[in-house]
Amino acid sequence: MKITVSINLGGYSFNIDEDAYSDLKRYLKNLELHFAGEESSSEILSDIEARMSELFRGKLTTYKQVITIEDVHQVISVMGTPEDISANESTSNREKFASPGYHRMYRDPDHRIIGGICAGIAAYWNIEVWIVRLIFFCLAMMGVGVLIYFILYIVLPEAKTTAQKIEMKGEPVNIHNIKESVKKEFENVRKNMNL
Amino acid sequence: MDLENTKAQMRKGILEYCILSVLSRSSCYASDIIKELKEAKVIVVEGTLYPLLTRQKNAGLLSYRWEESQQGPPRKYYELTKEGREYLADLDNSWDELVESVNMIRTR
């Protein structure tokens with residue numbers, strides 16, 4: 001027995017196995033990232049979704065009413081991964097994603113105790129966060145720590161998007177890193193939900 | 001030199017030309033275009049087509065209209081604009097020239 005999910009793809013509703021759903025979702029997310037810099041990217045995506053919906057409909061019969069993980073993998077191989085698609089596109093488009101690794105300081109909301117300042121600084125210099133916390137604690141004892149913390153809280157933006165979280169660590173923001181990062185987040189959520 | 005890469009580079013340029021050529025005969029639904037391109041083996045993965053269609057549409061070479069379909073939701077039918085026809089005529093010429101040049105060198 002398997003749990004199925006009900007989705008709307010290109011105006012059609014499908015019942016899809018849960019494992020197939022998570023693969024499909026990840027694929028569409030990757031495509032979205034791939035076309036993010038493109039003018040009318042949402043139009044491209046909805047065209048692709050409409051085509052995938054058509055391919056999925058071809059896989060259903062009276063006796064097979066649920067989209068399986070094999071169906072999803074097969075349709076993905078027909079449509080092509082972002083890498084396959086960019087292999088056929090102009091190189092200028094591919095270079096767009098290999099922007100140099102910006103390195104900026106952010107507040108890190110994922111590892112925060114108060115405002116994520118120490119965690120953000122630790123990520124920026126790639127040091128253990130307890131060292132930064134200890135320094136702040138000492139500064140606070142000397143009477144200036146709280147003020148510095150407060151100023152930094154105002155000055156530093158919070159790392160909200162995946163791209164910002166990658167920038168915080170100084171890695172280049174490209175599709176591969178974003179994918180890794182999203183995958184990690186996805187695994188975390190899964191662990192937390194005990195799935 | 002990477003053979004696959006060279007082949008991909010070659011296909012890249014002609015794909016755009018082929019899409020316009022398919023549409024020059026009649027207005028088409030994206031899946032019909034894909035069918036023709038696949039039969040002619042100029043496209044490997046279908047995902048390549050959609051960004052190209054949207055770019056050509058944004059450049060004013062194509063336009064589309066929605067058409068009701070019996071089997072499902074309304075479909076997008078693409079057709080060449082006047083500009084698209086002129087653009088294609090230009091490409092036709094340069095393709096002929098290219099083929100002639102390559103043949104001349106190969107048969108020498």
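Visitor: Why is A:Ile166 called buried?

Guide: In this predicted model, A:Ile166 has a relative accessible area of 3%. The word buried applies under 20%, so A:Ile166 is counted as buried.

Visitor: Where in chain A is A:Ile166 placed?

Guide: A:Ile166 belongs to helix α9, which covers residues 162-169 of chain A. Its C-alpha atom is 8.6 Å from that of A:His103, a residue 63 positions away along the chain.

Visitor: What makes up chain A in terms of helices and strands?

Guide: Chain A contains ten helices and three strands. Along the sequence they follow the order β-β-α-α-β-α-α-α-α-α-α-α-α. Of the 195 residues in chain A, 37% are buried. Among contacts in chain A with a separation of 6 or more, 54% join residues that are 24 or more positions apart.

Visitor: Which residues are buried in helix α3 of chain A?

Guide: In that helix, residues 69-79, the buried residues are A:Ile69, A:Asp71, A:Val72, A:Val75, A:Ile76, A:Val78 and A:Met79. After α3(A) comes A:Gly80, with a positive phi near 95°.

Visitor: How many disulfides are found over all chains?

Guide: The count is zero. A disulfide would need two cysteine sulfur atoms within 2.5 Å, and no pair over all chains is counted under that rule.

Visitor: What makes A:Cys118 and B:Cys28 count as buried or exposed?

Guide: A:Cys118 has a relative accessible area of 8%, and B:Cys28 has 7%. The limit for buried is under 20%, so both cysteines are classed as buried.

Visitor: What is known of the contact between chain B and chain A?

Guide: On the side of chain B, 25 residues are in contact with 27 residues of chain A. About 2,000 Å² is buried between the two chains, and carbon and sulfur atoms give 46% of that area. B:Lys12, B:Val45 and B:Tyr50 supply 26% of the area that chain B buries against chain A, more than any other three residues.

Visitor: How many residue pairs are in polar contact between chain B and chain A?

Guide: There are twelve such pairs. The elements of chain B that give two or more residues to the side touching chain A are α1 (3-25), α2 (30-39), α3 (49-58) and β3 (75-80). The largest share, six residues, comes from α3(B). By class, this side of chain B has ten nonpolar, seven polar and eight charged residues.

Visitor: Why is the pair B:Lys76 and A:Glu43 called a salt bridge?

Guide: The closest N and O atoms of B:Lys76 and A:Glu43 are 3.2 Å apart. The cut-off is within 4 Å, so the pair qualifies as a salt bridge. Across the interface of chain B and chain A the rule finds six salt bridges, and over all chains it finds 16.

Visitor: Which residues are linked in a network of salt bridges?

Guide: The network links A:Arg51, A:Glu54, B:Lys38, B:Glu46 and B:Arg75.

Visitor: How do you know that B:Arg65 forms a salt bridge with B:Glu79?

Guide: The closest N and O atoms of the two residues are 3.3 Å apart, and the rule asks for a distance within 4 Å. B:Arg65 lies in strand β2 (residues 62-67) of chain B and B:Glu79 in strand β3 of chain B, so the pair ties together parts that are 14 residues apart in sequence. B:Arg65 also meets B:Glu67 in a salt bridge, at 2.8 Å from N to O.

Visitor: Why are B:Arg65, B:Glu67 and B:Glu79 called partly exposed?

Guide: B:Arg65 has a relative accessibility of 31%, B:Glu67 has 29% and B:Glu79 has 30%. Buried means under 20% and exposed means over 50%, so these three residues are classed as partly exposed.

Visitor: What separates B:Lys82 and B:Glu86 along helix α4 of chain B?

Guide: B:Lys82 and B:Glu86 are four residues apart in this helix, residues 82-106, and are therefore separated by about one helical turn. An α-helix has 3.6 residues a turn, so residues three or four places apart point the same way. The side chains of B:Lys82 and B:Glu86 meet in a salt bridge at 3.3 Å, N to O.

Visitor: What makes B:Lys82 exposed and B:Glu86 partly exposed?

Guide: B:Lys82 has a relative accessible area of 65%, and exposed means over 50%. B:Glu86, at 46%, falls between the limits of 20% and 50%, so it counts as partly exposed.

Note on methods
Residues are numbered from 1 along each chain as its sequence is written. Chains are lettered from A and ligands numbered from 1 in the order in which they are written. This is a predicted model: local features need pLDDT of at least 70, side-chain atom pairs count only at pLDDT 80 or more; totals for chains, interfaces and linings use all residues. Side-chain values use heavy atoms; hydrogens and water are left out. Contact means heavy atoms within 4.5 Å. Buried area is the accessible area (1.4 Å probe) that two parts lose on being put together, summed over both. A polar contact is a pair of N or O atoms within 3.5 Å; within protein, one must be able to donate a hydrogen and the other to accept it, and residues adjacent in sequence count only if both atoms are side-chain atoms. Ala, Val, Leu, Ile, Met, Phe, Trp, Tyr, Cys and Pro count as nonpolar, Asp, Glu, Lys and Arg as charged, and the others, Gly among them, as polar. Buried means under 20% relative accessible area, exposed over 50%, partly exposed in between (1.4 Å probe, protein chains only).
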